[in-house]
Amino acid sequence: MPIPRRALVAAAIALVLPLSACGSGDSGGSTDASGKIEGDITFQTWNLRANFKPYFEGVVADFEKKYPGTHVKWIDQPAEGYADKISADAAGGTLPDVVNVSPDLVAPLAKAGLALDLDKSAARYKKEYLAGAWAGHQVPGMTGTYAFPWYLNTGPLFYNKSLFEKAGLDAAQPPTTYDELFTDALRLADKSDGKVATLANVPTIEDFGRYGVELMNKEGSAFSFNDDKGVQLLTKYKELYDAKALDPQALTATPESSGKKFLTGAVAMNPGSALDLGNFKKQAPNLYKNIGITDQITSTGKVNMYVMGVMVNARTKHTPAAVAFAHFVTDAENQMSFAKKVAIFPSTAGSLDDPYFTKEDGTDETRVRVAAAKSLKNAVNYTPVLFSEQMKTALRNEIAKALQGKQSPKTALDNAVKACDTLLRQQG
């Protein structure tokens, strides 16, 4: 992935992997990781070479020095077509030994018996990671954990203080609950005669999760975001859309277009990360002077976490070496080193207590980093592991019809659940 924020946010570009083979099948390799750490293995990353070549070459060199009988071949794939490449490799039996994955990419690999179950092969490492991060690569309906958690990301909500003040709102008291958010949004739209929207995006599955909606059953066999609480959230969004408190172009918005709306003052709030502050300073100095930073709004008390992982191919011929390297890449020392090179966060337990993530120095960048690190300690990945790109499209299409008044919020979510359940069954 490219390193700017939207690419580091794993779920934002998650892709479904349509494996032809479903079911465990013959695992081929050994699940025993306790043998001698030796042999040649291949490690694949996701568009990281351009910005971090020296870092990864250093990690590989350090590992080979620690384990003299090993050799690691590092390959890097571009962001575009990454899921297709993994699918082709999986089908052709050429999947690398150690693979950079997001949770949705690991799910079909686990179902096909191609992802090593770390709860069986590497359980001794579990305590080294945050509980929510370790759980990030578990698949509903299956027992086990199918990738080491690697880097995490989350971010606050940015808001434009001057727009709040013009609407007669207290810029020092941004909304902290959904009720406050919806009330303030309607006021901003009213006071600006519909010229200023508060939000630029329609609700995603993540938003339903943060609102407290149960997204799917525990067995992972059916979705359930069409419950009363889900309908309530979409009904609120319909009210915002009608009042132009939700940007009229939200139905076709991308993260980039939403960001531009925020930059130009057409939208009052937008999610982001520390990486955005530099853009604000350079591209919109007036906005930067008026930038407000607040926490993600959630009904659950837990913010959303994006998690990236490192999976071991269950069919590797060198299981001990592959597991050892996947753990090495994601251990506390290497994660901490990586986190200081780019605005991401380590998934290792205790790392977020480092002064780098707890001490403020008066800069906005540090303020965002410290706040995000604190929120990550009990954060969760709200996007279900089994929620594919096709499902996101189905949900978005039904929501668009509801906002346009073509169907009720209840009908929209019923239709979305039905479509997603059908796609879920097709995953095998």
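Colleague: What makes strand 1 and strand 3 (residues 98-101) a pair?
Modeller: Two bridges connect strand 1 and strand 3, in the parallel sense. Strands pair if DSSP finds at least two bridges between them, so strand 1 and strand 3 qualify. Within strand 3, Val-98 is the bridge partner of Phe-43. Bear in mind that this is a predicted model: local features need pLDDT of at least 70, side-chain atom pairs count only at pLDDT 80 or more, and totals for chains, interfaces and linings use all residues. Residues are numbered from 1 along each chain as its sequence is written, and side-chain values use heavy atoms, with hydrogens and water left out.

Colleague: Which strand does strand 1 join through eight bridges?
Modeller: That's strand 2 (residues 70-77), which runs parallel to strand 1. Asp-40, for instance, has His-71 as its bridge partner in strand 2. Helices (H or I, at least four residues) and strands (E, at least two) are DSSP runs numbered from the N terminus.

Colleague: What is the hand of the crossover from strand 1 through helix 2 (residues 49-66) to strand 2?
Modeller: This β-α-β crossover is right-handed. With the strands pointing away from the viewer, the path from the first strand over the helix to the second runs clockwise, which is what the term means.

Colleague: Why is strand 1 (residues 39-46) called largely enclosed by the rest of the structure?
Modeller: Seven of its eight residues are buried, so the description fits. Buried means under 20% relative accessible area, against over 50% for exposed and in between for partly exposed (1.4 Å probe, protein chains only).

Colleague: Why is the pair Phe-63 and Phe-325 called edge-to-face?
Modeller: Their ring centres are 5.0 Å apart with the planes at 80°, so edge-to-face it is. Rings of Phe, Tyr and Trp (its six-membered ring) pair if their centres lie within 6.5 Å; planes under 30 degrees apart count as stacked, over 60 as edge-to-face and the rest as tilted. Phe-63 belongs to helix 2 and Phe-325 to helix 14 (residues 319-329), 262 residues apart, so that pair links distant parts of the chain. Phe-63 and Phe-325 are both buried.

Colleague: How many aromatic pairs does that rule give?
Modeller: The count comes to 31. Another edge-to-face one is Phe-52 with Phe-338, at 5.1 Å centre to centre and 80° between the planes. Here helix 2 holds Phe-52 and helix 15 (residues 332-339) holds Phe-338, with the two positions 286 residues apart. Phe-52 and Phe-338 are both buried. There's also one aromatic cluster that includes Phe-43, Phe-52, Phe-63, Trp-74, Phe-325 and Phe-338.

Colleague: What sits over the ring of Trp-74?
Modeller: The charged end of Arg-49, 4.0 Å from the ring centre. A charge sits over a ring if NZ of Lys or CZ of Arg is within 6 Å of the ring centre and within 35 degrees of the ring normal. Lys-340 also meets that test, lying over the face of Tyr-356 at 5.4 Å from the ring centre.

Colleague: What makes strand 6 (269-271) and strand 7 (291-294) edge strands?
Modeller: Each of them pairs on one side only. They belong to an open sheet of three strands, in the order 6-5-7, with antiparallel pairing. Strand 5 (residues 157-160) is joined to strand 7 by four bridges, and Leu-157 has Thr-294 as its bridge partner there. Helix 11 (residues 255-263) lies across strand 5, strand 6 and strand 7, at about 140° to strand 6. Axes are lines fitted to C-alpha atoms, for helices over the stretch in contact, and angles run from 0 to 180 degrees between N-to-C directions.

Colleague: Why is Ser-375 called buried or exposed?
Modeller: Its relative accessible area is 19%, so Ser-375 is buried. Ser-375 sits in helix 17 (residues 364-376). Leaving aside neighbours within four places in sequence, Ser-375 is in contact (heavy atoms within 4.5 Å) with Thr-154 and Val-303.

Colleague: And why is Phe-262 put in its burial class?
Modeller: With a relative accessible area of 1%, Phe-262 is buried. Phe-262 is in helix 11 and touches, among others, Phe-158, Met-269 and Ile-291.
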